[in-house]
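Student: Please take one close look at the charged side chains and how they pair up, and follow the thread into the helix where it leads. I'd like the cut-offs as you go.

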Amino acid sequence: MARFLHLADVHLGYSKYDNPERTKDFFYAFQDALDRYAIQEQVDFVLIAGDLFEQRQILPAVLNQAQICLNQLAEANIPVLAIEGNHDYEPYGSRTSWLRYLSSWEKLILLKPDNEETLEPWDFDNKRGSYIDLDCGVRVVGSRWYGATAPLAIAKLAASIEQLPPGPDTTVMMFHHGLENYVARYKGSLRYQDFAPLKEAGVDYLALGHIHQNYAVEGWIFNPGSTEANSVIENQEQNPRGVYLVELSADGIEADLKRDYRQRSIVRLTCKVKPHQTPEEVEQLAINEVTHAAKQGQTADTITELRIQGSIGFNRSDVDVRALRNQLQEISEALVFLLKYDVTGREYHTLAIDDQQPPSRKEIERSIFADMLSENTRYRDQAEELSEGLIDLKDRVLQQQSDEDLYTFASQLIEPAAADRNN
C-alpha cells in the first residue's frame with residue numbers, strides 16, 4: 001500500500017490585485033496543505049503536476065518560499081516529484097528552468113523526458129530522467145508542457161511506457177493539460193480519447209494539473225485544482241478545488257480531495273438595480289448590501305466582490321465608482337474589495353408610424369427627446385415640457401445664436417426642472 005499527495009497549480013509569486021498580503025496567500029496555502037496532508041499524514045511522496053511558480057522568471061523571495069516548503073518535506077524524508085507547467089516551463093531561448101534549478105539542488109525530482117520516444121530512468125548523479133521506481137511500489141512517469149502538440153506527445157509517451165522494463169505494479173503519471181467539458185471558458189482542452197492511450201499503456205493514476213477546478217474521471221484521471229484561488233471566480237462554492245490525498249491498495253485507488261487548509265475566503269455579493277432608482281439610491285443600495293454582510297462577519301479580511309447589475313435610468317458616470325468602492329472597502333474591512341458596475345441603460349421606445357399619415361419631423365424629434373428624458377430619473381417628470389425646450393434649443397443652434405444666448409436659454413430651461421426635483 002502506498003500513499004501520496006497530489007497537488008498542482010500552486011502559482012507561487014501570484015500578484016493579482018496588487019496586494020503583498022495576497023501574494024503571500026499562495027505560499028501559506030501551499031505550506032499548510034503540505035503540512036496537513038503530506039507531513040502529518042506521513043505520505044510516501046508528493047506530486048506537483050505543474051505550475052509551482054506563476055512566472056518563468058521569479059523573484060528571490062518567491063524562490064525562497066518554494067525552498068522553505070521543500071525543505072520541510074526533505075526533513076520529513078518525503079520525496080517531491082514534479083513536472084513543469086506552462087507557467088514555469090523553461091523560458092524561450094533557455095535550456096533550463098527554476099524547477100531544474102531546484103532539482104539540481106535535490107529539493108525535488110524533476111521528471112522530464114528529453115525524448116518522448118525513449119523514457120529514461122531517473123539518474124541520481126546527473127539529476128535527470130523521465131520516470132522513477134519508488135521503494136513504496138509505485139512507478140512515477142513525468143512529462144512536460146506540450147501545448148497544442150499534446151495529443152501527439154501522448155501517443156508517443158504511451159508507446160514508450162509500454163516499452164519500459166518491468167517494474168512496480170502501479171504506474172502513476174503526471175501531465176499538465178486540461179480535459180474538455182470541465183471549464184467552459186477554457187479553450188484547447190483535450191478529449192478523453194486523447195488520454196485513453198495512457199490507460200491502455202498501463203497508467204493507473206493520471207495526475208493532471210492546469211485547470212484550477214477539481215474533477216475526476218473514470219476512476220483514473222484526477223485533477224485537484226489550484227491550491228489557492230487565482231481570482232474571485234474560483235471561489236470554493238462554485239468551483240471546488242484543493243489537493244488529493246491518495247491511497248493505493250489492492251482494492252484500487254482512493255483519492256480524497258482535501259480542502260481544509262489555509263486559504264483566503266472569497267465573498268461575492270450582488271445588487272439588483274432598477275431604472276426608476278436615482279444614483280443616490282443605487283449607491284445606498286450597495287452600501288446597505290455590504291454593511292449587512294459586514295455585520296454578519298462575512299467580509300473582514302476576505303476578498304469581497306460586489307456586482308451591481310440591472311438597468312439604470314441615468315448616465316453611468318453619475319455614480320462615482322472609485323469613491324463608492326473606497327467607501328465599501330472601509331465598511332467591509334476586506335483585504336481586497338472589488339466593485340463590478342455591470343449596468344446598462346434602458347432601450348428607447350419606438351415611435352408608432354401610420355402608413356397613411358407619417359409623423360412630422362417635429363413629432364419625431366419630440367418623441368426622441370421625450371424618450372431620452374423619460375429614461376433619466378432626473379428629468380422623467382418634466383420629459384414632455386423639456387422635449388419642447390430641446391426642440392427650441394436645436395432651432396436656436398441652427399440659427400447660429402451666440403454661445404452666451406444659448407447658455408442662458410439652456411440654464412432657464414433646466415432651472416425649473418431642478419427646482420421641481422428639490423421640492
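Tutor: Glu305 is a good place to start: with a relative accessibility of 2%, this residue counts as buried (buried is under 20% relative accessible area, exposed over 50%, and partly exposed in between, using a 1.4 Å probe and protein chains only). Its partner in a salt bridge is Arg307, with 3.4 Å between the closest N and O atoms; the term asks for a side-chain nitrogen of Lys or Arg within 4 Å of a carboxyl oxygen of Asp or Glu.

Before going on, a word on the basis: the model is predicted, so local features need pLDDT of at least 70 and side-chain atom pairs count only at pLDDT 80 or more, while totals for chains, interfaces and linings use all residues. Residues are numbered from 1 along each chain as its sequence is written, and side-chain values use heavy atoms, with hydrogens and water left out.

The count of salt bridges comes to 19. One of them joins Asp256 and Lys258, at 2.8 Å from N to O. Here Asp256 is partly exposed at 33%, and Lys258 is also partly exposed, at 21%. Salt bridges also link Arg22, Asp25, Glu228, Arg241, Arg264 and Asp301 in a network.

Now to the helix. Asp32 and Arg36 form a salt bridge whose closest N and O atoms are 2.9 Å apart. Both residues sit in helix H1 (residues 20–39), four residues apart, or about one turn of the helix. Helices are DSSP runs of H or I with at least four residues, strands are runs of E with at least two, and both are numbered from the N terminus. Asp32 is buried at 16%, whereas Arg36 is partly exposed at 32%.

H1 also has a neighbour: its axis and that of helix H2 (residues 60–75) come within 10 Å and cross at roughly 5°, with axes fitted to C-alpha atoms over the stretch in contact and angles running from 0 to 180 degrees between N-to-C directions. H1 is therefore roughly parallel to H2 (under 35 degrees; over 145 is roughly antiparallel, 65 to 115 roughly perpendicular, the rest oblique). Phe27, Phe30 and Leu34 are among the H1 residues that meet H2, where Ile68 and Leu73 are among the partners; contact means heavy atoms within 4.5 Å. By class, this contact has eight nonpolar, three polar and no charged residues, where Ala, Val, Leu, Ile, Met, Phe, Trp, Tyr, Cys and Pro count as nonpolar, Asp, Glu, Lys and Arg as charged, and the others, Gly among them, as polar.
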